[in-house]
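Work through the exercises below with the model open. Try each task before reading its solution.

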Amino acid sequence: MKQILAQTQLYRFLKYCNESHLEKSVLDCGAGGNCPPLALFSEYGYKTHGIEINDTQIEKANTFSKECGLELNIIKGDMRKLPFDNESISHIYSYNSIFHMKKVDIEKAVDEIIRVLKPGGMCCINFLSIHDSWYGEGEKIGENEFLQVERDEKVIHTYYDIDEAESHFKDMEILFKENRILERMYEGEKIKQGYIDYIVQKKKLD
């Protein structure tokens, strides 16, 4: 694969996945776009699955797949109700996607991810942090939840304090956590972005 992912943290997750002894299957929750990260996992021999709710993003991913001769198995769906059996997939990630919902829906999505994970399986999820420069901007729709304009449309952005998201990972082992604050140029303006990244593991059967 000639493309290099913008989501560099997924390379770390791939390393964790490669070191596990589980079947090489992976699900991307929020899998659309013109360079879907599933292509990287496919390159390393993973059976790939993807869920995407936005038709335009699915079309972009399908165009990429055809051009690269890949079958990534990206379907339209909602991560709050995953169309997969209990404990059926070894590795799952949702990167730069899950925080585009209210917290009540994020909880549903994480519960679904945990349901579908195999025992001993791992998931990688990142959340926006309250240290992001956009925190507090836009129309407030809930506690640390805002409607904000992104690429000319209103999008939900939900923000978390440093340890708050860990309430979603009951009975899971946190293998990796990073509180990232970065600065970059966006549309000619320097912005500060805050993320909290997790890699967590589902407990193995006794």
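The exercises cover strands, salt bridges and surface charge.

**Ground rules**

This is a predicted model: local features need pLDDT of at least 70, side-chain atom pairs count only at pLDDT 80 or more, and totals for chains, interfaces and linings use all residues. Residues are numbered from 1 along each chain as its sequence is written, and side-chain values use heavy atoms, with hydrogens and water left out.

**Exercise 1. Characterise strand β1 and its pairing with β2.**

Step 1: set the terms. Strands (E, at least two residues) and helices (H or I, at least four) are DSSP runs, numbered from the N terminus. Buried means under 20% relative accessible area, exposed over 50%, and partly exposed in between (1.4 Å probe, protein chains only). Those areas come from the Shrake-Rupley method.

Step 2: check burial. Strand β1 spans residues 25-29. Five of its five residues are buried, so β1 is largely enclosed by the rest of the structure.

Step 3: sort the side chains. S25, L27 and C29 point one way, V26 and D28 the other way. In a regular strand the side chains alternate between the two faces of the sheet.

Step 4: find the partner. Two strands pair if DSSP finds at least two bridges between them. Five bridges join β1 to strand β2 (residues 47-52), and the two run parallel. V26 stands opposite T48 in β2.

**Exercise 2. Is strand β5 enclosed or open, and which strand is joined to it?**

Step 1: count. Strand β5 covers residues 117-129. Of its 13 residues, 13 are buried, so the rest of the structure largely encloses β5.

Step 2: pair. Strand β4 (residues 89-94) runs parallel to β5, with five bridges between them. H91 stands opposite M122 in β5.

**Exercise 3. Locate I74 and compare its sequence and space separations from E52.**

Step 1: I74 lies in strand β3 (residues 74-76). With a relative accessible area of 11%, I74 is buried.

Step 2: I74 and E52 are 22 residues apart in sequence. In space, they are 7.1 Å apart, C-alpha to C-alpha.

**Exercise 4. How many salt bridges does the whole structure hold? Dissect three of them.**

Step 1: apply the criterion. A salt bridge is a side-chain nitrogen of Lys or Arg within 4 Å of a carboxyl oxygen of Asp or Glu. The search finds 14.

Step 2: take R80 and D78. Their side chains meet at 2.6 Å, N to O. R80 is partly exposed at 31% relative accessibility, and D78 is partly exposed at 22%. D78, R80 and D105 are linked in a network of salt bridges.

Step 3: take E112 and R115. Their bridge is 2.8 Å, N to O. Both lie in helix α4 (residues 103-116), three residues apart, about one turn of the helix. E112 is buried at 13%, whereas R115 is partly exposed at 24%.

Step 4: take R180 and D197. Their side chains meet at 2.6 Å, N to O. R180 lies in strand β9 (residues 172-186) and D197 in strand β10 (residues 189-202), so the pair ties together parts that are 17 residues apart in sequence. Both R180 and D197 are buried.

**Exercise 5. Which residues form a negative surface patch?**

Step 1: assign charge. Asp and Glu count as negative, Lys and Arg as positive; His and the chain ends are not counted.

Step 2: filter and join. Patch residues have over 30% relative accessible area and no salt bridge, and like charges are joined within 9 Å.

Step 3: read off the members. D152, E153, E187 and E189 form the patch. E153 belongs to strand β8 (residues 153-160).

Technical notes:
Patches are made of residues with over 30% relative accessible area and no salt bridge: like charges are joined within 9 Å, nonpolar side chains (Val, Leu, Ile, Met, Phe, Trp, Tyr) within 5 Å. Accessible areas come from the Shrake-Rupley method with a 1.4 Å probe; for residues, only the protein chains shown count as cover. The place of a charge is taken as NZ of Lys, CZ of Arg, CG of Asp or CD of Glu.
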